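Trainee: I should like to take a close look at one part of this structure, namely its salt bridges. Please describe them in one connected account, and then place them beside the other features of the chain.

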Amino acid sequence: MFRRGKDEDGMTEPEVYFESLFPEDRELARIEESIRERGMPEISVEPAYGRLLTLLAAATGAKAALEIGALGGYSGVCLARGLRAGGTLTSLELKPEYAELARANLAAAGFADKVEMIVGNAADSLEKLEADGRKFDFFFIDADKENYPAYLEWAIRLAEPGAVIAADNTLLRGRTLNPDKQGPAVRAMREFNRRIAQDERLIGAHLPAFDGLALAMVK
Ligand SMILES: C[S@@+](CC[C@H](N)C(=O)[O-])C[C@H]1O[C@@H](n2cnc3c(N)ncnc32)[C@H](O)[C@@H]1O
């Protein structure tokens, strides 16, 4: 029998076990180091979910991916790895210094020509993308949590039929489940999670490992 407790990194025993099976990913370790060196928040997507992003992008033959929240480019590299030949990643990031590091890390990983980094508030960037008639077949939502429901609507509006949507941190380190927590991010996440489960335009699924990951396909 395994314990369901968490280790000092906040991982459960099954999470630690499966993680231990994979060889070290030097490229992604280098990106994590670059984030640490600059004193930026160490909140890149979990390695297991990064692998899942690569797998899903590859399995669906993603050609135009849109990421909301770049940080240092960790998930960007995971997404770019899964794109089909000639595919592109558009990444939205609020902070210029983070966007610069993400751009540099994606270039170092060999994806300079596949990436379009758009700096600014994602809501403005999304409006511009729609005005430009852009469409995407893969989305990764991983920015400010209060806006997850709005980002989901944007993803559906900008989606090609059959597009995949992934979104990280749906458990908010347990706050989503805690009825005493009623702040704007928590309430927004509960609404987002409900829509993934119930919106008739989507086929949705929730993965409860790590900090929670939502997946959906736009019908
Ligand atoms: C969790 S981090 C992203 C991690 C990244 N997806 C990864 O796994 O490598 C969230 C990012 O969203 C950015 N962000 C926060 N609010 C934003 C907004 N309104 N528009 C665009 N980006 C935003 C933050 O600056 C931060 O870099």
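Mentor: By the distance rule applied here, the count comes to 16 salt bridges. The model is a predicted one, and every value below is computed from it. As a general matter, side chains of opposite charge can pair when their charged atoms come close.

One of the pairs is formed by R51 and E19, whose closest N and O atoms are 2.5 Å apart. This pair links distant parts of the chain, since R51 belongs to helix 3 (residues 47-59) and E19 to helix 1, 32 residues apart. R51 counts as partly exposed because its relative accessibility is 27%, and partly exposed residues fall between the limits of 20% and 50%.

A further salt bridge brings together the side chains of R36 and E42, at 3.4 Å from N to O. R36, at 40% relative accessibility, counts as partly exposed. E42, in contrast, is classed as exposed because its relative accessible area is 54%, and the class begins over 50%.

The side chains of E153 and R201 also meet in a salt bridge, with an N to O distance of 2.7 Å. Here too the pair links distant parts of the chain: E153 is in helix 7 (residues 148-157), while R201 is in the loop between helix 8 and strand 6, 48 residues apart. E153 is partly exposed, with a relative accessible area of 24%, and R201 is likewise partly exposed, at 37%. The pair belongs to a wider arrangement, in which salt bridges that share partners join E153, E191, R194, R195, D199 and R201 into one network.

The surface of the model also has a nonpolar patch. Y17, F18, L21 and F22 form this patch, and together they have about 450 Å² of accessible area. Within the patch, F22 is placed in the loop between helix 1 (13-20) and helix 2 (26-37). F22 is partly exposed, its relative accessible area being 42%.

The surroundings of the ligand come next. The ligand is surrounded by 21 residues, of which the closest are V45, G69, S75, E93 and D142. This shell divides into 11 nonpolar, five polar and five charged residues. A polar side-chain atom of S75 lies 2.8 Å from a nitrogen atom of the ligand, and an N or O atom in the side chain of D142 is 2.8 Å from a ligand nitrogen. Y74 contributes through its backbone, a polar atom of which is 3.4 Å from an oxygen atom of the ligand. Of the 610 Å² of accessible area that the ligand has on its own, the protein covers 91%.

Some loop residues complete the account. L71, in the loop between strand 1 (64-68) and helix 4 (74-82), has a phi near 50 degrees, a positive value in a residue other than glycine. L71 is buried, with a relative accessible area of 11%. F210 has a positive phi of about 50 degrees although it is not a glycine, and its place is in the loop between strand 6 (202-207) and strand 7 (213-218). F210 is buried as well, with a relative accessible area of 13%. G183 is found in the loop between strand 5 (159-168) and helix 8 (184-198), and is partly exposed at 28%. The C-alpha atoms of G183 and E146 are 9.3 Å apart in space, whereas the two residues are 37 apart in sequence.

Definitions and conventions:
Residues are numbered from 1 along each chain as its sequence is written. This is a predicted model: local features need pLDDT of at least 70, side-chain atom pairs count only at pLDDT 80 or more; totals for chains, interfaces and linings use all residues. Side-chain values use heavy atoms; hydrogens and water are left out. Patches are made of residues with over 30% relative accessible area and no salt bridge: like charges are joined within 9 Å, nonpolar side chains (Val, Leu, Ile, Met, Phe, Trp, Tyr) within 5 Å. Accessible areas come from the Shrake-Rupley method with a 1.4 Å probe; for residues, only the protein chains shown count as cover. A salt bridge is a side-chain nitrogen of Lys or Arg within 4 Å of a carboxyl oxygen of Asp or Glu. Helices (H or I, at least four residues) and strands (E, at least two) are DSSP runs, numbered from the N terminus. Buried means under 20% relative accessible area, exposed over 50%, partly exposed in between (1.4 Å probe, protein chains only). A residue is near a molecule or strand if one of its heavy atoms lies within 4 Å of it. A polar contact is a pair of N or O atoms within 3.5 Å; within protein, one must be able to donate a hydrogen and the other to accept it, and residues adjacent in sequence count only if both atoms are side-chain atoms. Ala, Val, Leu, Ile, Met, Phe, Trp, Tyr, Cys and Pro count as nonpolar, Asp, Glu, Lys and Arg as charged, and the others, Gly among them, as polar.
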